[in-house]
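Biologist: Got a minute? I'd like to go through this protein with you.

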Amino acid sequence: TVAAGATPGYLVSILGTTNSIAGAGATVFNDTGTVTLNGATTFANGATHTAGGATTIAGTTTATAGNLQFGATNLTGTLNATAGGVTTSSLNALGTTDAVNGGTVSTGNITIADSDTLTLAGSTIGTGSITGANLVGGSTPSNVAFNATGAVTVGGPVGTDIGTVTVTNSNGADFQSTVNAANVVISNTQAAATVSFDGNLTVGTGMTVAAGATPGYLVSILGT
């Protein structure tokens with residue numbers, strides 16, 4: 001446990017190449033300053049930092065058991081909590097290939113760096129809006145992929161500067177607002193489940209809907 005202390009705005013940085021934190025319960029960062037985790041960092045029973053400043057991940061942070069619960073999160077690498085779940089209040093993906101793997105995944109609003117592909121994988125996945133960073137010279141748009149055994153829910157708009165939106169698998173995917181991307185790819189969804197675009201769908205280059213392993217799934221495009 002990292003106590004708030006009399007001056008809770010202090011910072012915590014764990015910068016080793018391999019870091020292992022044991023304990024019977026979750027590691028709780030109560031400081032209201034930032035937390036930085038570099039390298040391969042493993043928490044035996046999860047970690048929580050929601051008290052204040054951002055959590056910055058540069059490498060792979062794993063909860064062997066339990067959950068990873070962070071506030072605003074800057075990610076260059078991977079978050080793993082497949083035995084529990086990953087929760088962030090917001091997610092800023094900054095690498096070239098970033099990933100969040102959880103039993104459940106809940107991210108809040110997402111911003112993805114130019115040319116980065118963010119993959120979200122879990123039993124259920126929930127996000128807010130998803131946007132790419134403003135394109136700079138020579139950069140390509142940002143991409144996002146969903147791979148779920150359960151439901152995928154995207155609660156806010158998708159776009160701008162989004163290259164490809166991929167539904168690798170789901171037991172239904174609900175894009176509850178507008179989607180604006182160069183490409184939309186649906187690789188598979190469980191039979192009789194629906195991939196639904198509730199708001200206006202704008203696809204600049206192409207849309208691919210594969211038969212997949214369970215070709216009886218449904219697709220709904222419901223915008224005005």
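Modeller: Here is a short tour, from the whole chain down to single residues. Keep in mind that this is a predicted model.

Biologist: Okay. How many helices and strands are there in the protein?

Modeller: The count is zero helices and 20 strands.

Biologist: What does the C-alpha trace span along its principal axes?

Modeller: About 55 × 40 × 30 Å.

Biologist: And what is its radius of gyration, next to that of a compact globule?

Modeller: The protein has 18 Å. A compact globule with 224 residues would be near 17 Å, so the two agree.

Biologist: What share of the residues is buried?

Modeller: Buried residues are 42% of the 224. The accessible surface is about 9,000 Å², and carbon and sulfur atoms account for 54% of that.

Biologist: Let's go inside. Which residues touch the most other members of the largest nonpolar core?

Modeller: Leu 68, Val 100, Ile 130, Phe 146, Val 165 and Phe 175 do, in a core of 44 residues. Strand S7, residues 68–93, gives the most to this core, with eight residues.

Biologist: Why would nonpolar side chains be buried together?

Modeller: That is a general tendency in soluble globular proteins.

Biologist: Take Phe 146. What is it in contact with, leaving aside neighbours within four places in sequence?

Modeller: Quite a list. Among them are Ile 130, Val 165 and Phe 175, which also appear among the core residues that touch the most other members. Phe 146 also contacts threonines, including Thr 127, Thr 166 and Thr 168.

Biologist: New topic: Ile 57. Where does it lie?

Modeller: In strand S6, which covers residues 55–63.

Biologist: Is Ile 57 buried or exposed?

Modeller: Buried. Its relative accessible area is 0%, and buried means under 20%, so Ile 57 falls in that class.

Biologist: Who are its contacts, beyond the neighbours within four places in sequence?

Modeller: Leu 37, Phe 70, Thr 73, Asn 74, Leu 75, Thr 76, Thr 78 and Leu 79.

Biologist: And how far is it from Ile 14, C-alpha to C-alpha?

Modeller: The separation is 10.0 Å, with their positions 43 residues apart along the chain.

Biologist: Back outside. Which residues make the nonpolar surface patch?

Modeller: Met 207, Val 209, Val 219 and Ile 221 make a patch of about 310 Å². Strand S19 (201–209) and strand S20 (218–221) each give two or more residues to the patch.

Biologist: Why does Val 219 count as partly exposed?

Modeller: Because its relative accessibility is 35%, and partly exposed runs between 20% and 50%. Val 219 sits in strand S20.

Definitions and conventions: Residues numbered from 1 in each chain as written. Predicted model: local features only at pLDDT ≥ 70, side-chain atom pairs only at ≥ 80, totals over all residues. Heavy atoms only, no water. Helix = DSSP H or I, 4+ residues; strand = E, 2+ residues; numbered from the N terminus. Buried < 20%, exposed > 50% of the residue type's maximum accessible area, 1.4 Å probe, protein only. Contact = heavy atoms within 4.5 Å. Rg over C-alpha atoms; globule rule 2.2 N^0.38 Å. Areas by Shrake-Rupley, 256 points an atom, 1.4 Å probe, with all protein chains shown as cover. Patch = residues over 30% accessible without salt bridge, like charges linked within 9 Å, V, L, I, M, F, W, Y side chains within 5 Å. Salt bridge = Lys/Arg side-chain N within 4 Å of Asp/Glu carboxyl O. Core = buried A, V, L, I, M, F, W, Y, C linked by side-chain atoms within 4.5 Å.
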